[in-house]
Amino acid sequence: MSEAPLLLVVDDDPSVLLLVDVLAEKMGFRVKAVSSGLQALEQLRDGLQPAVILLDIMMERIDGLTFMNHVREMPSVENTPVIAMSTAAVLERYGEQLKVSGTLLKPITNQTLQQALERYR
């Protein structure tokens, strides 16, 4: 049996991290949840190889756009699919600049999370 795919979740809202952790594990993912873009970058630099990254756009210090710029300069993860999650207004405003594989509207539901992550299982 192959190992479950690893999902890296980056969000500064603990309730979102908990929700995604519970729902994604039920979908068959292993989940690594971090509360800042800086923590996520450190994990990736230390060799974490997620199958997909679920990224909040509006965060303190390192926002989603800045995070994406750093990730795209890291050869080990530059091609890792990233799904941006935020409100419709934020995704509309930053969507083109982010160059992500998909989007996930907040508030997150079991159904929308499944639709966003389905192809990475």
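This section describes the fold, surface, nonpolar cores and one loop residue of a predicted model.

The protein contains five helices and five strands. Strands and helices alternate along the sequence in the pattern β-α-β-α-β-α-β-α-β-α. The radius of gyration is 13 Å, and the globule rule gives 14 Å for 121 residues; the two values are close, so the protein is as compact as a globular protein of that length. Along the principal axes, the C-alpha atoms occupy a box of roughly 40 × 30 × 25 Å.

Contacts across the sequence were examined next. Of the contacts between residues at least 6 apart in sequence, 65% connect residues at least 24 apart. Of the 121 residues, 45% are buried.

The surface was then considered. The exposed area of the protein is about 6,700 Å². Carbon and sulfur atoms account for 48% of that area. Charged side chains number 11 positive and 16 negative. The centres of these two sets are 3 Å apart.

The interior holds more than one nonpolar core. The largest nonpolar core has 25 residues. Within this core, the residues that touch the most other members are Leu8, Val10, Leu44, Ile53, Leu55 and Phe67. Two or more residues each come from β1 (6–10), α2, β3 (52–56), α3 (64–71), β4 (82–86) and α4 (88–98). Strands and helices therefore both contribute to this core, because β1, β3 and β4 are strands and α2, α3 and α4 are helices. A separate core comprises 20 residues, including Leu7, Val16, Leu23 and Phe29.

Leu8 shows how such a core residue is surrounded. Leaving aside residues up to four places away in sequence, Leu8 touches Lys32, Val34, Ala40, Leu44, Leu48, Pro50, Val52, Ile53 and Leu54. Two of these partners, Leu44 and Ile53, are, like Leu8, among the core residues that touch the most other members.

Ser35 offers a view of a loop. This residue sits between β2 (30–34) and α2 (37–45). The relative accessible area of Ser35 is 37%; the value falls between the 20% limit for buried and the 50% limit for exposed, so Ser35 is classed as partly exposed. Beyond residues up to four places away in sequence, Ser35 touches Asp11, Asp12 and Leu17. Glu78 is 43 residues from Ser35 in sequence. In space, the C-alpha atoms of Ser35 and Glu78 are 21 Å apart.

Notes. Residues are numbered from 1 along each chain as its sequence is written. This is a predicted model: local features need pLDDT of at least 70, side-chain atom pairs count only at pLDDT 80 or more; totals for chains, interfaces and linings use all residues. Side-chain values use heavy atoms; hydrogens and water are left out. Helices (H or I, at least four residues) and strands (E, at least two) are DSSP runs, numbered from the N terminus. The radius of gyration is taken over C-alpha atoms; the globule rule is 2.2 Å times the number of residues to the power 0.38. Buried means under 20% relative accessible area, exposed over 50%, partly exposed in between (1.4 Å probe, protein chains only). Contact means heavy atoms within 4.5 Å. Accessible areas come from the Shrake-Rupley method with a 1.4 Å probe; for residues, only the protein chains shown count as cover. Lys and Arg count as positive and Asp and Glu as negative; His and the chain ends are not counted. The place of a charge is taken as NZ of Lys, CZ of Arg, CG of Asp or CD of Glu. A nonpolar core is a set of buried Ala, Val, Leu, Ile, Met, Phe, Trp, Tyr and Cys residues joined through side-chain atoms within 4.5 Å.
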